[in-house]
Structures are given as C-alpha cells and as structure tokens.
Amino acid sequence: MAYKDEQLHEEKVFKDPVHRYIHVKDRVIWDLIAAPEFQRLRRIKQLGTTNLTFHGAEHSRFSHSLGVYEIVRRIIYNFKGRRHWNDDERLLSLCAALLHDLGHGPFSHSFEKVFKLDHEYYTQQIIIGDTKVNEILRRVAPGFPQKVADVIAKTYEDKLVVSLISSQIDADRMDYLQRDAYFTGVSYGHFDMERILRVMRPIEDQVVIKSTGMHAVEDYIMSRYQMYWQVYFHPVTRSAEVILTKILDRAKHLFEADDFTFKLEPTHFASFFTRSATLDEYLKLDEAVVYYYFQQWQEEDDVILSDLCERFMNRRLFKYIEFDPNKQMGEVKALQQLFRAADIDPKYYLVIDSSSDLPYDFYRPGEEEERLPIHLLMPNNELRELSRQSDIVEAISGKKRTDHKLYFPMDKLEEIKDEDLKQQIKAILYDQGEIQDVE
Ligand code: CA
C-alpha cells in the first residue's frame with residue numbers, strides 16, 4: 001500500500017480537554033506528530049506571556065496544532081460525498097492543519113519584532129527544508145511538501161482547502177478561541193462549534209454557512225472580539241511582553257558593545273543578533289532555553305539587563321497610563337528628558353505599546369490585508385455576505401479599534417533620590433490620567 005494511504009492498525013486517540021478526543025488513523029499524520037520539529041511545539045506556549053495574567057494559560061502550540069488538525073478532520077468528514085469537495089485533498093488538508101504553526105518560535109511576537117523574524121517564513125522552511133517533517137512529506141509524493149507549504153501560505157490553487165485553515169471562520173480560529181478560553185478560564189470565547197461544523201458547506205472555492213446557523217456564527221464572531229480585548233491584549237500581558245522585548249533589545253545592545261563581557265554569553269541568540277540564524281539554530285531556540293538565559297542574566301553586571309530579567313522572572317511588571325500618540329507626544333518627550341536626568345534610560349523604561357484589532361470585515365478588494373468575508377447559504381441557494389444579514393455582525397464589521405498605552409516602572413520612579421525631579425515626573429504622569437496597576 002502506498003504510504004499516503006497507510007492506516008494505523010488501531011486508531012490512536014489523544015485525550016484533549018477542548019475536543020475530548022483527537023483521532024489519528026493516517027500513518028502520515030502519526031509520523032508527523034512524532035517528528036522532532038513537531039515535538040518542539042510542546043516547548044512553546046500558545047499564548048506567550050499570558051500566563052503572567054491568567055495562570056492557567058500554559059498550553060502549548062503542540063495542543064493547539066492537534067486541535068486544528070482535529071477540527072479539519074471533522075469538517076472533511078462532513079464534506080465527504082458532497083459536490084465541490086474533492087476527497088483527494090483530504091490528506092493535504094490534514095497535514096496543512098497540523099503543521100500550520102510549525103515555525104513559531106518562543107514568545108513569537110516579541111522575538112519577531114526584535115529580530116525581524118517571520119514565523120510564516122520558518123513554517124515554510126521547516127516543511128521544504130532538510131528536516132524530518134520534510135522527509136515524511138516527501139514519502140507521500142516528491143511535490144507534496146511544497147503543496148502543504150502552499151496551502152499554509154494561502155497560494156494553493158484549490159482555495160477551498162486554503163479556506164479550511166485561513167479565513168474569517170477557519171479551524172485555526174475555532175480551535176484557539178475555545179482552547180485559550182478553556183485554559184485562561186475566562187467566560188468569553190465559547191461558542192457552539194458542533195453546530196457550526198454541521199452547517200458548513202463546501203461551495204466551489206470557499207466554505208459557506210447554511211443560513212440556519214447564522215446565530216452560532218454571530219456568537220463565534222463576538223467571542224473572537226471579546227477574547228482579543230479581554231485576553232490577547234490584556235494590559236498585564238502586554239506589560240510582560242514590553243519587558244521581554246526590552247530584555248532582547250538590551251542583550252543585543254550588550255552583545256554589540258565592545259566593552260561588555262557576559263557571565264553567560266548569549267550563544268543561542270548570537271546568530272539572531274547578527275540576523276544569520278540557520279534553520280537548525282532557529283529550531284534549537286525554545287522557551288525552556290530562553291527562560292534559562294533570563295534566569296542566569298539576573299546576575300549580569302549590566303544593571304539594566306539584570307533588572308529587566310529579574311522583573312520578568314518575578315513578575316515585577318511596568319504600570320501604564322492610557323495614551324493618545326496624537327495628543328500626548330509632547331508629554332512623552334518631556335518625560336524622556338526627566339527620566340534621563342534621573343538616570344533611568346527611557347529607551348528601556350518608558351515604552352509606548354499599541355494594540356489593534358478588526359473583529360470582522362466584509363470584502364475590500366485591494367486593501368492591505370484582504371479578508372474573504374463569511375457567506376451565508378440562503379434557502380434559495382443564494383450567497384449572502386454575513387454582515388448584510390446579521391445586525392450584530394454589521395455593528396462591528398469593518399471597525400478597527402486601536403489602543404495605546406505608555407508603560408513605565410513605578411517602583412523605580414519612587415526610588416528617585418532627587419525629590420524635585422520625582423515630583424515633576426509624577427506630576428506629568430498623574431496629569432495624563434489614572435496610573436493603572438498591573439497586579
Ligand atoms: Ca494557529
């Protein structure tokens with residue numbers, strides 16, 4: 001039997017708190033899960049620094065990836081025999097679902113920002129490069145790894161397959177919303193996925209939703225909206241991420257300085273600082289490694305690096321004020337000067353952080369990030385864009401919300417010896433609004 005058709009003698013199941021069970025019957029999927037590049041995802045948390053806000057949020061990209069695979073498996077099971085669905089695309093869809101996050105590094109967002117990395121690029125490289133995952137995919141067919149990479153990059157010709165994994169209602173989002181809700185313990189993020197799966201239909205190049213399932217989809221869109229603002233952009237999580245980013249900035253600065261010697265050289269980071277990291281080096285960096293450095297760097301002679309690491313490890317976070325960059329940049333300039341006068345480097349200790357989200361959007365061709373809208377399949381077989389049928393979705397459709405915050409270490413400001421300087425800084429901060437705690 002061809003490798004692509006090989007089935008396990010007995011179905012394997014993973015116990016999963018969100019989907020109850022994750023079912024694996026294909027030999028290819030089973031082998032991919034066992035590959036070192038996939039096992040690595042156990043050592044990368046799905047939500048980075050969110051566990052400092054919601055202590056339950058320790059779940060990994062490994063469990064999320066299995067979850068996305070399971071949802072796609074169930075969707076395809078329902079599609080079997082329907083017009084427009086080509087069952088030859090089954091294994092390809094399952095592999096792309098399983099591997100879609102393979103290139104995520106530790107604390108993805110901070111690392112990508114500081115080192116100008118792109119996890120999507122690394123996902124592609126792991127799939128088409130010299131890896132165990134590639135070896136397994138090549139056994140299916142020589143061109144198969146590239147096909148999987150194309151589905152994940154959204155360039156694959158069969159857009160129906162692409163839409164299973166990336167659209168405004170896809171298996172990726174359906175898994176992370178429920179999984180992140182479960183592990184953070186918040187009451188948002190829940191919606192009736194079973195119902196949505198039952199009303200999904202393949203139509204030519206996209207997945208549509210039977211109009212009878214509209215309310216379940218509304219619930220899903222609102223869940224997403226609430227999760228972004230209540231969990232993903234939580235100001236405490238952002239504060240930890242600001243500190244993490246600054247640790248990496250500082251380590252890079254010291255690495256490039258001629259007159260500084262680390263007690264623990266940043267060996268695992270070196271090729272990232274010089275932007276020359278190989279795929280192998282990329283795969284070696286996981287969160288366990290990062291925590292080890294941060295733990296050790298608390299002892300470094302550089303007071304900024306040791307302080308920031310100590311803050312991160314012991315959750316001594318920055319406080320913040322709400323901030324409008326269009327109106328308050330003058331105050332930031334003044335604060336920067338006062339910080340310098342107090343010998344607190346504003347580059348590391350006065351940080352503007354912005355979050356923005358677009359909860360749902362109808363189709364706007366040619367825009368920077370084109371989003372395919374969700375279509376309802378009406379009883380007369382017409383397609384209708386969701387926000388034209390749902391008042392709830394219409395209300396938030398196309399509305400981008402952006403928040404800016406200014407972060408700083410209040411405890412450090414309290415320690416300023418020069419009373420006059422301290423009062424000047426506090427006066428500006430208090431004048432801008434209430435100082436928000438991050439406890
Ligand atoms: Ca994902």
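**View 1. Thr237 and the residues it touches in this predicted model.** Leaving aside residues up to four places away in sequence, Thr237 makes contact with Thr49, Thr50, Thr53 and Val231. Thr237 itself sits in helix α13, which runs over residues 235-256. Its relative accessibility comes out at 3%, and because buried means under 20%, Thr237 counts as buried.

**View 2. Helix α12 and its bend at Gln226.** Here's α12, covering residues 214-232, 19 residues in all. From first C-alpha to last, α12 reaches 25 Å, close to the 27 Å you'd expect at 1.5 Å a residue. Zoom in on Gln226 and you'll find α12 bending there by about 25 degrees.

**View 3. The calcium ion and its protein donors.** Two histidines chip in through NE2, His64 and His100, while Asp101 and Asp172 are each listed twice with OD atoms. These donors lie 2.3 to 3.2 Å from the calcium ion. What do the angles among the 6 donor atoms make of the site, and what range do they span? They go from 43 to 157 degrees, and the site is irregular. For reference, ideal angles for six octahedral donors are 90 or 180 degrees.

**View 4. Where the calcium donors come from along the chain.** The donor residues follow the spacing H-x35-H-D-x70-D in sequence. Take His64 and Asp101: they're 37 residues apart and link distant parts of the chain. His64 belongs to helix α3 (residues 61-79), whereas Asp101 is in the loop between α4 (90-99) and α5 (108-115). Both His64 and Asp101 are buried.

Notes. Residues are numbered from 1 along each chain as its sequence is written. This is a predicted model: local features need pLDDT of at least 70, side-chain atom pairs count only at pLDDT 80 or more; totals for chains, interfaces and linings use all residues. Side-chain values use heavy atoms; hydrogens and water are left out. Helices (H or I, at least four residues) and strands (E, at least two) are DSSP runs, numbered from the N terminus. The expected span of a helix is 1.5 Å times one less than its number of residues. The bend at a residue is the angle between axes fitted to the seven residues ending there and the seven starting there. Buried means under 20% relative accessible area, exposed over 50%, partly exposed in between (1.4 Å probe, protein chains only). Contact means heavy atoms within 4.5 Å. Donors are N, O and S atoms within 2.8 Å of the metal (3.2 Å for Na, K and Ca); water is not among the atoms, so sites may look incomplete. Four donors count as tetrahedral if all angles lie between 85 and 135 degrees; four count as square planar and six as octahedral if opposite donors are over 155 degrees apart and all others between 65 and 115; anything else is irregular.
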